[in-house]
Every structure is written in structure tokens, then in C-alpha cells.
Amino acid sequence: MTSDLHAPTRRHLLLASGTLFAWAYLPKVARAEGRDPRLLVIVLRGALDGLAAVAPVGDPDWVALRGDKALTLDGKPPALPLDSFFALNPAMPNLHRLYKAGAATIVHATATSYRERSHFDGQDVLESGLGKPGASDTGWLNRALASLQPAGRAGGGRDAFAVGPIAPLVVRGPAPVLSWTPRRLPPASDDTLTRLLDLYQHTDPALARVLEERMGLATIARAGGMDAEQPRAAGAGQVRAYFAESAGTAARFLARPDGPRIGALAFDGWDTHAAEGATNGRLAMLLGALDGAIAAIETEMKEAWGETVVAVVTEFGRTARINGTDGTDHGTATVALLAGGALKGGRVVADWPGLKPAKLHEGRDLKATTDLRAVLKGLLKDHLRVVGTVLASKVFPDSAAVKPMAGLLQQA
Amino acid sequence: MALDPKAQAALALHRFGVSPRPGSIAAIASDPRGALLAELDRAGVGRIPDTDLLPSGPAWRAAFAYQEAQRAARRAERAMQQANAQGTGASSEMKPADQPAAPAAPRRNPGPGVPQQIYLGEAKARFNAALGAEIGFVERLVWFWSNHFCVSADKGNVRQICGAYEREAIRAHVLGRFGDMLLAVESHPAMLIYLDNARSIGPDSLAGLRQKRGLNENLAREILELHTLGVRSVYTQEDVTRFANVITGWTLVGMRQDPARGGEFEFNPRTHQPGAQVVIGKSYPDTGAEQGRAVLAALARHPATAKHVSTKLVRHFIADEPPPALVERLAKRFLATQGDLKEVAKTLVTAPEAWEAPRAKLKRPGEWIVGALRAVGYTPPDIGPMMQAHHLLGEPLWRPSAPKGFADESAPWLDGLAQRLDIANQLARRVGGEADPREVFEEALAPLASTETRQAITRAESRPQALALLFMAPEFQRR
């Protein structure tokens, strides 16, 4: 065992980082039904390009939209077919295998109710569950937990509950939360470095020069701060290892008979404005790491995998078209990736809006046709047995009009 | 280039203070200069009102008592090991049954010892003073003078008294007279140990005639070269030697000599070099401790001293290449007021050059770390990580590598830029879930920031990334 769940300690003052936050109670109603459901929410910060993760290869406007950056069934490498219309990014063979086995569901053209394009506000809406950005101290997952009657404390009498000071908003709130921090730091983001170097190059050449020299980034600089292939390649192993360790450890905790049942973690790095690399660059690397994280969860969950749902969500999508620097800018609708043995999977849930210019949101983004809250409400209702009225008032306030999506789970 | 009032206020906080806290810029925007001047007049400013902190004498004695106990414990352990080794071979195997209560307490890693505890307590008080300051101009002056008159915790037993030294010799006089600060510094046990004067013995003194040890010129040289006149100015090697003779006998009370007063300053006539000494053209009769005080008073009044410290002040606060006219004005004021440091500080912040100089100086690590914490309103519960951060960035607290202190120029600190990014990332992850980078930006940096910096922060992919970029922005690093 790598480590125990615990209250944040001194060691984390410097090391606190991508942390698992988990709830220590077992949901009572589900328990009474003889089930022992697990839910793990993974937040992708930075806005995942849903069209590059799950491509609408059957849409006649798809290739025209993205040109040689479009994922296709005869691409190099070829996209992995999901149905007659959608195909999965080739960096995600595990998710594809799970999908084929009925243990993964993809929801496409989905978004929260947020329609602006600020990461911070978008993440607030995604995690708070409120209709609009603004001050919130609590997240929807925590409020959902607080509404559940506990059937007994997990964790073998452990009473070191604490809300970690850097807990993601989605799990902050009244329900007590345990934390675990991986020994490994998330790799210092190349993306932050690239942005900083770009800022220095425009405003402070002396600092730019020093940063280039010290970080050995002369190669990036020569390519205008955009071409990330060589330096990033070195970090890919680290990113994979970090994702897999975080997710795998989370699963080990959730799998224990006396462990927590609900957890959340966050992965950064999805803001792919430049050199997105959907098939063989940065995004492919990140999606591959995410795919490895999902595989690690499946492995570590063992028998509990059959009672597990992993929900991968992000604050919004990206522009439908590629921008001038081979990336994509902030957009609207994207995908939600669901995996786990409890799902009635093997399908893409989408009310496809189309990709013709007139069909795009504000002429630029994939239009949102499925409210992400419907998906999350469906999971909370059918998996954890959160009551419908609570979902519509406390968990996702003012969302009575957004009906919980039915039929996501094997056992409804 | 005239800055608007908010930018002036932000500049005042970054250049002369310890960086803005939320609300700081607005609070002084109507009159930034006036606010700096007002801080100089505030009662008790610059002092640390923490009654838990020990004065240097008691700190010295507490550390000594601890070290004695440690030595005794080691002796006892050695004695027992020897007894076990030569004694009955069976006894060690039977120990669990035989000696239930005395397993010799293997005391590896029993936590920090008393000297380190005192050091960390002092460090915490110092950080809290900076984190709690409204503007922090006086804190910055304390940091400046403390570095000008630096000692090092790594030398001898300075660790347990370097914090007290700063409070007793620097803070007590930071807005007083330079001559008083100089005397307090050079007669403080921390300085007497750090620069070896405590064991300097006049060759012709009673003690000197009896033993082989003799004169140590270290402190005398650094007083002339670093603390007062400046290197290659008006003194010669003869002046150094004669001045070293003058201050023989400036030492501290030994613990065995007087356990109740051990570690306090004393003038020991038995080690003092007898006779008059000529220092920089003036003869000083042997009046015991008074002889040294008279030389220090003369040094404090010397025009070379005025020029040296004025140059350093301007270099620290304003520009790596100090504008000569500004240095001249400070030096004049210094001499006209008999070294009144409050008046000198006023002259500095009312000078037009002090506001017009480009914001080119890189903040020292300590300024930058405290600035980042203030910007997000975070007070670390434990100072360990802050101490580590200072160390990582090359400015370990009260531990300069040489008596010259940490560099006032920017260039040496550029090397730590990559390490700053690591620390910025860590701090941003620590507080990034709660602080809104856009608010932090508005409150700490906006009036001075470029469009590019604003965009980089607002377009970051997450709050932690935005905060890291904010801490690393040129406008947050430079002043």
C-alpha cells in the first residue's frame, strides 16, 4: 500500500498537489439493496477537445472542418471505430476495449450551462453545480453526499477527517472528506513553462534568455515557443506515471471493503491552444495517459469494478476548427467519458447537432445538445440513489427542467 | 513618465514595501509618498512585540544548558557501551529482562535542538512581521541593514542569537542614528563571534603576554571595508591593525566564568591592547572600552561612510547603477543629520529619481516569497517550507556565505529563476483552489502590469497555473 488516507499534514505544505479526495461513508439506500456502488469523478482542467477525443467520422463536414488534423478511420494511426458515426482517438485502446465490452459510455455534444469561455468560471460551474459562475464554497459531489444517509463509517474507525486546503471545489462542502496525496508530484507543467516563456519573450527578453538557458529550452524558443515535440517527449513518461499512480491508488482505496466509496481527482494540461497534436503530439500523449489511468482503475478495483462508475468531465470544449497555431481555442460542447462495470455501456449518447457553420454555436463551437447535469444527475440517481428532488434543488440548484438521464446503469 | 496614482501606490509597495496585500494599493493611492513617510512616524514600527522571544543573553544560556545536557548524555552512553563491551557478555542479551526501565533511550532524531528552536522561532516572528505589515517600508529597511551588518547562523554559536541580534542591534536603531546602530552591532555577541573578535587578544595585554594567541583583525577590517568607510577608501592596512588593537577586549562573558551572565557583552581589560592608537589620522588614547566607542563614533561621522551606505541604500532600493545625484543627496542628508536614518529614509522616498527609475531590479528571494504570500493572503502554518524556499533560491535566512552579505544587485539572483518557477508552482497549487487569480492580479499587480501579463493570467488553464504565472510575471519579479 502506497499510503493511507489522512488529514493533510505538514509535508503537504510544499508537496500538496493532485490529490484524491474521498468520502468515508457508505450510501445507505444502495447498501440496503445489496449493492456497494463506487463513483470516481475525474476533472480534466483546461477544456478537453471533445472532437479530437471522439471524432464524428461519419459527419460529412468533419474532414473539411479540421483538414489533415481530423481523426479518420484511415488516418495514421487510424481512429478506433465506436459505431457507424463516431470513432475514438487511437491513443485510447483501453477505453475502446471497455466500450466494446459494454463497460464504457460516451456522451457527446454535452456541456454545463456555462456559455462564456473563461477556464476559472467554467471550472466553477462544472464543479459547483450552480447554473452561473460566482462564489460557491461547495461542490455538487459533496452536496450529493451530504444528502445521503450513511450506513456506517468506513475506514475502520479512523476519524482523521479533513477537508484538504486544496480540495477541488467539486468535493468541498459539508460532508467530511479524506485526502490522499501521491508521493510523486505532478510533473511541472511544460504548458506553464511555455506560457511563461512566451510572456517573457514579449515583455522581458532578459528573463526569457535566462529561462531558456536554465531550462534548456532553446529548442522551443527557436520554434516560437510552439513546437513542443522534443522537450515534451521526455515528460510523457512522467505524466503517464503520475496519472496511473493517482488513479490506481484512488481505485485501491475505493476497492477496499472498509474504504471510501466516492472520490474525485483532477488532471491538468488540456488547454491545447497550440500544437495540439491530437494523433501524435501532446493531446495524444495526455489521452494515452488518461487511458492508462482508466486501465489502472479497472485493474485495482478488481471485483469491485462491476459496481464502479468513473466519470471524466471537463469545463467546456474547444473550437470546432483548428486555429492558426495548429491548436484549438476555448469552445462550448465536448465529451463526457464514462467507464465502469456498473454501466450499461457500449454506446455513444448524442443528439448530434451537426458541424455545418450554421449549426455551430456562435459559428465556431460544437453546439451543446445534452446538459451535462442530466448525465451527472442520472448517475447520482441510479447509482447512488440520490433522491430526485434533492438533485434538482440542492445538488444542482434550479435544475428541475434538466431531467436525470435514464438508462446509464445496468441496474436502474 | 508620470504614473497614475494607483500605479504610484503599487510601485511604492513593490519597490519600498513588502508588496501589496488585498486592499493595500487602494489604501495608499491618494498619497503613496505620504503613506511611506507616515509609516516612518508610526509608534513602535519596526519592532517585534513578541514577548516569547529571548534576548540574546538568555538565549545563549538556554542553548548552552541544552548543549551541556547533550554532552552529558553522550558521555553516559559511551560509558555504558564500554561497560557492556568489557563487562559480562551475557548482560547485553539479558537486558530486556534485566533492565526494564533503562534502554538508554536511543535518541536519534529527537527533533530540533534548542539553538534551532530559537532560530526558527525568531524566523517565524520575522516572517510574521513582514506578512502583517501595512506597507513594510520599515521591514525592508530592517532587512537592508540586517544584511549590511550581516552575521551567519552557521558560524559557531551564532544560530541561537542571530534573531535576537537583529532585534537588539538593527530593529532598535533602524530609524535612529547610524552611530548607535553601529555601536550596537559591533559590540553584540553575535558579531563578536561571527567576525572572531571575541577571541582577539592584544599582544601586549596581560593575557597576550602569557599565551601565544594574539590579534585577530577580522572584525576591524570588515567594519572599515564593509560596515562604514567602504573598500579602497581612506584607510590603510596600518589603520586596520591599529583599529583591531583598539577593539581587543571586546568579547562576551564565558559561561564558566559567570553562568548567570554568560553570553553578555563585556570589555575584558586583560585582553585589551594597552596604549594610544592612531586610526585614520587621529590618535585615540587608551580609555579602555571607550577607545573603541570613540573610533566607531568617528567612523559613523566620516563622509566616506555617508557615501558608502548611501550608495548601498540606493543600489538596494532603486537601481543597480545608483544615480550619483541621488546618492549625493542622501550622503549630504546623512552628514547634516549626524546619521539620522529616518531622515535618510525620508530623503530616499521623496526623491524624484526614486520614483522615476525603471522597474528593472529583480526582487531578492525573500522579498519575492513574502510578496507572493501577501498577494494571496496566505500565512503558512509552519515556516519549514518558507525556510526551504529561501534556501533553494539562494538566500537562506541569516546565513549569508560571507560577511559582505547577500548581493544587492539583480544579476546574481537571475540564476534562481527556474527554482522560482518551482516554488511558484508549489505555492499556486497550495492556494490555487481558493484564491481567484483575477482578484489577486487586480489587488497586487494590475496598475503596473502589461496587457500581455494580464492576458497570460486571465487565459491560464487553471487557477493554480494563473497564480504561478502571476508570481513569475516580470512585473511581480521586478521593482
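The exercises below walk through strands, cores, domains and the chain contact in a predicted model.

Residues are numbered from 1 along each chain as its sequence is written, and chains are lettered from A in the order in which they are written. Local features need pLDDT of at least 70 and side-chain atom pairs count only at pLDDT 80 or more, while totals for chains, interfaces and linings use all residues.

**Exercise 1. Work out the strand order of the open sheet of 3 strands and find its edge strands.**

Step 1. Fix the terms. Strands (E, at least two residues) and helices (H or I, at least four) are DSSP runs, numbered from the N terminus. Two strands pair if DSSP finds at least two bridges between them.

Step 2. Read the order. In chain A it is β4-β6-β5, with antiparallel pairing.

Step 3. Find the edges. β4 (54–55) and β5 (80–81) of chain A each pair on one side only.

Step 4. Check one pairing. β4(A) and β6 (residues 87–88) of chain A run antiparallel, joined by 2 bridges. A:Val54 stands opposite A:Leu88 in β6(A).

**Exercise 2. Describe the surroundings of strand β7 of chain A and list strands that it is joined to.**

Step 1. Test burial. A residue is buried if 20 or more other C-beta atoms lie within 10 Å of its own, exposed if 12 or fewer, and partly exposed in between; C-beta atoms are placed from the backbone. In β7 (residues 104–111) of chain A, 8 of the 8 residues are buried, so the strand is largely enclosed by the rest of the structure.

Step 2. Take the antiparallel partner. 5 bridges link β7(A) to β12 (residues 334–339) of chain A. Here A:Thr110 faces A:Thr334.

Step 3. Take the parallel partners. β13 (residues 347–349) of chain A is joined by 3 bridges, and A:Ile106 has A:Val348 as its bridge partner there. β14 (residues 370–371) of chain A is joined by 2 bridges, with A:Asp371 opposite A:Ala111.

**Exercise 3. Locate the largest nonpolar core relative to the domains of chain B.**

Step 1. Set the scene. Chain B has 26 helices and 4 strands. Of its 479 residues, 49% are buried.

Step 2. Note the domains. Domain 1 covers 302–356 and domain 2 covers 362–477; such bounds come from an automatic or database domain assignment. Their C-alpha centres lie 28 Å apart.

Step 3. Define the core. It is a set of buried Ala, Val, Leu, Ile, Met, Phe, Trp, Tyr and Cys residues joined through C-beta atoms within 7 Å. The largest one has 136 residues, and B:Leu467, B:Leu469, B:Leu470 and B:Phe471 touch the most other members.

Step 4. Place it. Both domains of chain B give residues to this core, so the core lies between them.

Step 5. Look at one member. Contact means that C-beta atoms, placed from the backbone, lie within 7 Å. Neighbours within four places in sequence aside, B:Phe471 is in contact with B:Ala372, B:Ala424, B:Leu427, B:Ala428 and B:Phe476.

**Exercise 4. Which helix of chain A gives the most to the side that touches chain B?**

Step 1. Count the contacts. 32 residues of chain A are in contact with 32 residues of chain B.

Step 2. List the helices. α1 (12–15), α6 (119–128), α8 (190–203) and α9 (205–215) of chain A each supply at least two residues.

Step 3. Pick the leader. α8(A) gives the most, with 8 residues.

Step 4. Sort by type. This side of chain A has 17 nonpolar, 7 polar and 8 charged residues. Ala, Val, Leu, Ile, Met, Phe, Trp, Tyr, Cys and Pro count as nonpolar, Asp, Glu, Lys and Arg as charged, and the others, Gly among them, as polar.

How values were computed. Contact = placed C-beta atoms within 7 Å.
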